[in-house]
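The following exercises concern one molecular structure. Each task is followed by a solution that proceeds step by step.

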Number of protein chains: 2
Amino acid sequence: MSSRRLLIIGGAAGPGLLGRFVALAGGPAARIVVIATASSEPDLAASSFGEAFTALGAGEVQALSISTRAEANAEQPLLRRATGVFFTGGEQERITRVIGGTRTDSLLHELTGAVIAGTSAGAAAMSGTMIAEGDAPGITRASVRTGPGLEFLPGVLIDQHFAERGRVNRLLSAVALYPHELGLGIDEDTAILTDGDRFEVLGSGAVTVVDAGAATDIRVPAQGPITLTGARIHVLAAGHTFHLAGRRPVADASTAEREAA
Amino acid sequence: MSSRRLLIIGGAAGPGLLGRFVALAGGPAARIVVIATASSEPDLAASSFGEAFTALGAGEVQALSISTRAEANAEQPLLRRATGVFFTGGEQERITRVIGGTRTDSLLHELTGAVIAGTSAGAAAMSGTMIAEGDAPGITRASVRTGPGLEFLPGVLIDQHFAERGRVNRLLSAVALYPHELGLGIDEDTAILTDGDRFEVLGSGAVTVVDAGAATDIRVPAQGPITLTGARIHVLAAGHTFHLAGRRPVADASTAEREAA
């Protein structure tokens, strides 16, 4: 288990979450790198987040422009000394298509002392299996399309803009297809902050965890509705902690103290 | 336990479900009464369903026009001899406001030999606690507004147009507020057919059952996201049976036979 921490944001982060990222990266001592590869306007996205991080007290903020695999395979001295890396939103498959398997990808996995953050598409790309798209109504095989993510956080499927875009159906479809993966649906202005195999919920919304691990019956026909019985669902507001390996919420301190007493 | 059966449809019923209703009501021997109180154009709604039922082989179909409480408190000879009653869609609170507590309401509860069906708003009004409205994103106290339904099926909260309108959030909000009630989300062209304390799923979509009965932690702040951990969720396609009192899917026959062998 590394000391690297991940801050995975469901989109539309307010100053509270962005300020938390700056603080985790070291505040005035932070060396933050913004990667806007997912964005259709990367310069604009990078400068917008850069200004926000500077206004929130970050010591140093630089954009790392990576739009081709050649650029992703270059030496990345900026990244090597970063204390915080931030992936903007856009289209998640641009991230995996351009960065996946490159020297930048390897380097990012070696940055054990830094905090790596991503919002929206930048959040989706962090999971082992990435939700690429899917907006069909219903819980069906066609409701979701997945692909491999950058695997910063294995064992999970991350969806974002979760409540705002009504994405429970596609997350349920995804865990029915891959019940070994935990489905994490992160609302806007909401994030998970990982610490080893746990995460804490931050921000103004909720994180919905869908767990098909204990499901008693799963049937995924080629067409038509999926059957999924006995799945578990947890809706976690800020302050809650979830144990990923144990697939369960961690009781809050007051409960634990009561139980110990 | 009465022999009365309920056919509760999530809206947009195709000929398969409407034909099943006609057959349950007796086919050529059926005496069907259509109640379009929920509709803003009740005459149009009643004649449209009436024509469909006749085309599907119903012996006798009549509209019962009830738009005031005075009408709902009149003698209802038509209803007294009905073998099937069908509530159209529209606005569910019109049903409870006009019919709730009247002679018609009492009579409907005494029709033990008939099948009572409802679609969309007509489905919502059948539950003990009715989801009146709610379209806010997120899982919050404000995401759903409930009121008492006509209580043909107590112990449940029924939502409809479920996948099509992305209503998992409001159903989760409702069961967090009332964890003793089972949340049933019924897709369009999909229905539950009750038989005592069980129901079977019919139609082309799925029924999603949300059960907060076993939840380990529920917190509903006045504002902001609800916390709900340890809830269970079942997505049931056609052919599945659910045991309401036991709050669990009934294993299919083939599984039961394997277990018995």
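In strand 8 of chain B, Met130(B) has Ile158(B) as its bridge partner. The model is a predicted one, in which local features need pLDDT of at least 70, side-chain atom pairs count only at pLDDT 80 or more, and totals for chains, interfaces and linings use all residues. Residues are numbered from 1 along each chain as its sequence is written, and chains are lettered from A and ligands numbered from 1 in the order in which they are written.

**Exercise 1. Strand 6 of chain B**

Task: determine how strand 6 of chain B pairs with strand 8 and with strand 7 of chain B.

Solution.
Step 1. Helices (H or I, at least four residues) and strands (E, at least two) are DSSP runs, numbered from the N terminus; two strands pair if DSSP finds at least two bridges between them.
Step 2. Strand 6 (residues 127–133) and strand 8 (residues 153–160) of chain B run parallel and are joined by three bridges.
Step 3. With strand 7 (residues 145–148) of chain B, strand 6 of chain B pairs in the antiparallel sense over four bridges; here Thr129(B) stands opposite Pro148(B).

**Exercise 2. Two positive phi values**

Task: locate Glu151(B) and His161(B), and state whether each is buried, partly exposed or exposed.

Solution.
Step 1. Glu151(B) is placed in the loop between strand 7 and strand 8 of chain B. Its phi is near 65°, a positive value in a residue other than glycine.
Step 2. His161(B) belongs to the loop between strand 8 and helix 8 (168–177) of chain B. Although not a glycine, His161(B) has a positive phi of about 45°.
Step 3. The criterion is the number of other C-beta atoms, placed from the backbone, within 10 Å of a residue's own: buried at 20 or more, exposed at 12 or fewer, partly exposed in between.
Step 4. Glu151(B) is partly exposed because 17 other C-beta atoms lie within 10 Å, whereas His161(B) counts as buried, with 22 C-beta neighbours inside 10 Å.

**Exercise 3. The sheet of chain A and its surroundings**

Task: describe the open sheet of chain A and the environment of Val34(A).

Solution.
Step 1. Nine strands of chain A form the open sheet, in the order 3-2-4-5-1-10-11-15-16 and with mixed pairing. Strand 3 (60–63) and strand 16 (248–250) of chain A are the edge strands, each pairing on one side only.
Step 2. Direction ignored, neighbouring strands of this sheet are turned by 25° against each other on average.
Step 3. Four bridges pair strand 2 (residues 31–35) with strand 3 of chain A in the parallel sense, and Val34(A) stands opposite Ala63(A) in strand 3 of chain A.
Step 4. Helix 2 of chain A packs on the sheet, touching strand 2, strand 3 and strand 4 of chain A, and its direction makes about 175° with that of strand 3 of chain A. Axes are lines fitted to C-alpha atoms, for helices over the stretch in contact, and angles run from 0 to 180 degrees between N-to-C directions.
Step 5. Contact requires C-beta atoms, placed from the backbone, within 7 Å. Leaving aside neighbours within four places in sequence, the contacts of Val34(A) include Ala46(A), Phe49(A), Val61(A) and Phe86(A).
Step 6. Val34(A) is also among the residues with the most contacts inside the largest nonpolar core, which has 168 residues. Such a core is a set of buried Ala, Val, Leu, Ile, Met, Phe, Trp, Tyr and Cys residues joined through C-beta atoms within 7 Å.

**Exercise 4. The two copies and their interface**

Task: establish how chain A is related to chain B and which elements of chain A touch chain B.

Solution.
Step 1. A turn of 180° with a shift of 0.0 Å along the axis lays chain A on chain B with an RMSD of 0.0 Å; the superposition is by least squares on the C-alpha atoms of residues with pLDDT of at least 70 in both. The two copies are therefore related as by a two-fold rotation axis.
Step 2. In chain A, the C-alpha of Arg232(A) is the nearest to the axis, at 2.2 Å.
Step 3. The contact takes 30 residues from chain A and 30 residues from chain B. Helix 8 (168–177) and strand 14 (227–237) of chain A each supply at least two residues of the side touching chain B, and strand 14 of chain A gives the most, with 11 residues.
Step 4. Because 100% of the interface residues of chain A are also interface residues in chain B, the copies meet through the same surface.
Step 5. Strand 14 of chain A and strand 14 (residues 227–237) of chain B run antiparallel, joined by five bridges. Arg232(A) stands opposite Arg232(B) in this pairing.

Conventions: Two residues are in contact if their C-beta atoms, placed from the backbone, lie within 7 Å.
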